[in-house]
Amino acid sequence: MTWVQLLLIRHALPELAEVTEGFADPSLTDAGRVQALRLPAALAPYRITGLFSSPQKRALETADPVAQALDLPVTELEGLAEYDYEQPHYIPMHEVLERAPETYARIKAGWLPESVDGDTFRARVLGAIDDVVAATDNNATVAIFCHGGVINIVLQELLGLERPLTFPIEYVSVTRILVSRDGSRRVGSINETGHVRNMLRV
C-alpha cells in the first residue's frame, strides 16, 4: 500500500494585530522567528518533496526557513487559512483570556467562535487537504504550514470527534497524517513539540 504523509505544522508565535481598515495579517514575533528556525532541523529526518501554506503571513513566515533549507517553493492555498481569515483583528491565544474571556472559554471548551460558520470552514479546510493529496506523488511527504483550527478540523474528521477544537495545538508543533491511495486515512502523531519544548508556555 502506498501512502502520502502530511506534516501539519502550526505557525510560530505571531504578533497581536488590530486594524481599522482591511484585514489583520500579523507577522511573527521575534520569539516566533526563533521557533520557526528550529523547524529545518526538526524536519530533517523526513524526505519532504513539497511545501504548502496558508496565505496568512504567520504561516508563510514559519514556512520560510524550511523553504530556504530545502530550496523548495511554497504553494499557497487559501483553503488552509484559519477561521479568523479576513478579520480586522488577531489576538494570540495567550492574550484572548484577558481581552475576550467568553471567546476564550468557548475555544477552550472545544468549540469555534460563534461568529464562525463551522460547516463552511470545515469544507474549505478538507477541500484544501484533498487538493494537497491530489498534487502529491505516492510515498511522498509534504509539509503544510497552517493553523491550530485547521489542524483540529482535520483531526476531527479523521477521528470522528464531536468538538472541532479538541486538541490544544502548540506553536510550530508537527501533526502527522497518513493518506492511502485507496482513500483510507489515519493519524500518525499529534502535536509533536520536542524541537521547541523549552519555548512552550506552561
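Buried means under 20% relative accessible area, exposed means over 50%, and partly exposed lies in between (1.4 Å probe, protein chains only). This is a predicted model, in which local features need pLDDT of at least 70, side-chain atom pairs count only at pLDDT 80 or more, and totals for chains, interfaces and linings use all residues. Residues are numbered from 1 along each chain as its sequence is written, and side-chain values use heavy atoms, with hydrogens and water left out.

**Exercise 1. Place D84, decide whether D84 is buried or exposed, and find what D84 touches.**

Step 1. Find the elements. Helices (H or I, at least four residues) and strands (E, at least two) are DSSP runs, numbered from the N terminus. D84 sits in the loop between β4 (74-76) and β5 (89-90).

Step 2. Apply the cut-off. The relative accessible area of D84 is 14%, so D84 is buried.

Step 3. List the contacts. Contact means heavy atoms within 4.5 Å. Leaving out residues up to four places away in sequence, D84 touches Q56, R58 and Y90.

Step 4. Look for a polar contact. That is a pair of N or O atoms within 3.5 Å; within protein, one must be able to donate a hydrogen and the other to accept it, and residues adjacent in sequence count only if both atoms are side-chain atoms. The side chains of D84 and R58 make one, at 3.1 Å.

**Exercise 2. Do the same for A12: where is A12, and which residues does A12 touch?**

Step 1. A12 lies in the loop between β1 and β2 (17-18).

Step 2. Its relative accessible area is 0%, so A12 is buried.

Step 3. Not counting residues up to four places away in sequence, A12 touches L28, G32, Q35, A36, R58, T62, Y171 and V172.

**Exercise 3. Work out which strands pair with β1, and in which sense.**

Step 1. Know the rule. Two strands pair if DSSP finds at least two bridges between them.

Step 2. Take β7. Seven bridges join β1 to β7, and the two run antiparallel. I9 stands opposite V174, and L8 stands opposite T175.

Step 3. Take β6. Six bridges join β1 and β6 in the parallel sense. L6 has V142 as its bridge partner in β6.

Step 4. Check the cover. Seven of the eight residues of β1 are buried.

**Exercise 4. Describe the two sides of β7 and its hairpin with β8.**

Step 1. Recall the pattern. In a regular strand the side chains alternate between the two faces of the sheet.

Step 2. Sort the residues. V174, R176, L178 and S180 point one way from β7, while T175, I177 and V179 point the other way.

Step 3. Count the buried ones. Seven of the seven residues of β7 are buried, so β7 is largely enclosed by the rest of the structure.

Step 4. Add the partner. β7 pairs with β8 in the antiparallel sense over five bridges. R176 stands opposite S189 there.

Step 5. Look at the turn. The hairpin has four residues between the strands, and G183 takes a positive phi near 105°.

Step 6. Finish with S180. Its relative accessible area is 5%, so S180 is buried. Its side chain makes a polar contact of 2.8 Å with the side chain of D182.

**Exercise 5. Test the length of α6, then find which residues of α6 are buried.**

Step 1. Compute the span. The expected span of a helix is 1.5 Å times one less than its number of residues. For the 17 residues of α6 this gives 24 Å, and the end C-alpha atoms are 24 Å apart, which agrees.

Step 2. List the buried residues. They are G118, F121, V125, L126, A128, I129, V132 and V133.

Step 3. Look down the axis. The buried residues of α6 fall within an arc of 155° (from the directions of the helix axis to the C-beta atoms), so they line one face.

Step 4. Turn to the other side. D119, A123 and A134 are exposed there.

Step 5. Go to the start of α6. A side-chain oxygen of D117 reaches to within 3.2 Å of the backbone nitrogen of D119.

**Exercise 6. Which residues of the largest nonpolar core touch the most other members?**

Step 1. Define it. A nonpolar core is a set of buried Ala, Val, Leu, Ile, Met, Phe, Trp, Tyr and Cys residues joined through side-chain atoms within 4.5 Å.

Step 2. Read the result. The largest core has 28 residues, and L6, L8, I129 and I144 touch the most other members.

Step 3. Find the main giver. α6 gives the most to this core, with seven residues.

Step 4. Note the second core. It is separate, has 17 residues, and includes A63, A67, A143 and V196.
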